[in-house]
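Me: Please take one part of this model, look at it closely, and place it in its surroundings. I would like one connected account, with the criteria behind each term.

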Amino acid sequence: MLESILSTTEKHVIYRALSLRREYALPLQLALRQAHLAEQLLTALRGGEVCFGYVKQDGTTRHARGTLTGYRYSFRKPYQPRPDNLFIVYYDLDCRGWRTCRVVSLHYVRPFPGPDASGSSEKAAGVFPLPGQQP
């Protein structure tokens, strides 16, 4: 009965959060936050350009500008990530190549171009940093 109440997006967030908990032993709240951030990033990437940040494996922070609009052309199939996938594929518009980032390392997702000059706050601009971290 619960499955009929949840949307597909909500199910993906829950499956991804459970995978994050299993793989990285994250607290449930943090796993849900990261899974929700990943779903926001995937939605934005499918829609066009998006700015986002994540921590690379060497510990440095990467501020990326990416998209998924050329995926079908490059790989001859649509991009359909499994809901439990812990990596996100994207085309890096600055480096001009396909890259991946780990869902657990996401910092923020921001629409492209970034916040306008009208003085809107980060929340209104779509910035979603991790708890205790600044984008």
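Reply: What follows is an account of D92 in strand β3, and then of the sheet and helix around that strand.

The model is predicted, so that local features are given at a pLDDT of at least 70 and side-chain atom pairs only at pLDDT 80 or more, whereas totals for chains, interfaces and linings use all residues. Residues are numbered from 1 along each chain as its sequence is written, and side-chain values rest on heavy atoms, with hydrogens and water left out.

D92 has a relative accessible area of 0% and is therefore buried, where buried means under 20% relative accessible area, exposed over 50%, and partly exposed in between, with a 1.4 Å probe and protein chains only. Leaving aside residues up to four places away in sequence, D92 touches R62, R65, G97 and R99, a contact being heavy atoms within 4.5 Å. With R62, D92 forms a salt bridge in which the closest N and O atoms are 2.0 Å apart. This pair links distant parts of the chain, D92 in strand β3 and R62 in strand β2, 30 residues apart. R62 is buried, as D92 is. The term salt bridge denotes a side-chain nitrogen of Lys or Arg within 4 Å of a carboxyl oxygen of Asp or Glu. A polar atom of the D92 side chain also lies 2.9 Å from the backbone nitrogen of D94.

D94 in turn belongs to a network of salt bridges with E49 and R65. Within this network the side chains of E49 and R65 meet at 3.1 Å, N to O. Because E49 lies in the loop between α3 and β1 and R65 in strand β2, the pair ties together parts that are 16 residues apart in sequence. E49 is partly exposed at 36% relative accessibility, and R65 is partly exposed with a relative accessible area of 21%. The whole structure holds five salt bridges, one of which joins the side chains of D84 and R82 at 3.2 Å, N to O.

The strand that carries D92, β3 (residues 87-92), pairs with β2 (residues 61-67) in the antiparallel sense over two bridges, and T67 stands opposite Y91 of β3. Strands count as paired if DSSP finds at least two bridges between them; the strands themselves are DSSP runs of E of at least two residues, and the helices runs of H or I of at least four, numbered from the N terminus. Five strands make up an open antiparallel sheet in the order β4-β3-β2-β1-β5. Since β4 (97-102) and β5 (106-111) stand at the edges with a single partner strand each, one side of each is left without a neighbour in the sheet. From one strand to the next the twist averages 35°.

Across β1 (50-55), β2, β3, β4 and β5 lies helix α3 (residues 28-47), which runs at about 35° to β5; axes are lines fitted to C-alpha atoms, for helices over the stretch in contact, and angles run from 0 to 180 degrees between N-to-C directions. Buried residues of α3, among them L37, L41 and L45, belong to a set that packs against α2 (8-24) and β1, β2, β3, β4 and β5. Just after α3, G48 takes a positive phi of about 145°.

Note on methods: Polar contact = N/O pair within 3.5 Å; in protein donor to acceptor, adjacent residues only side chain to side chain.
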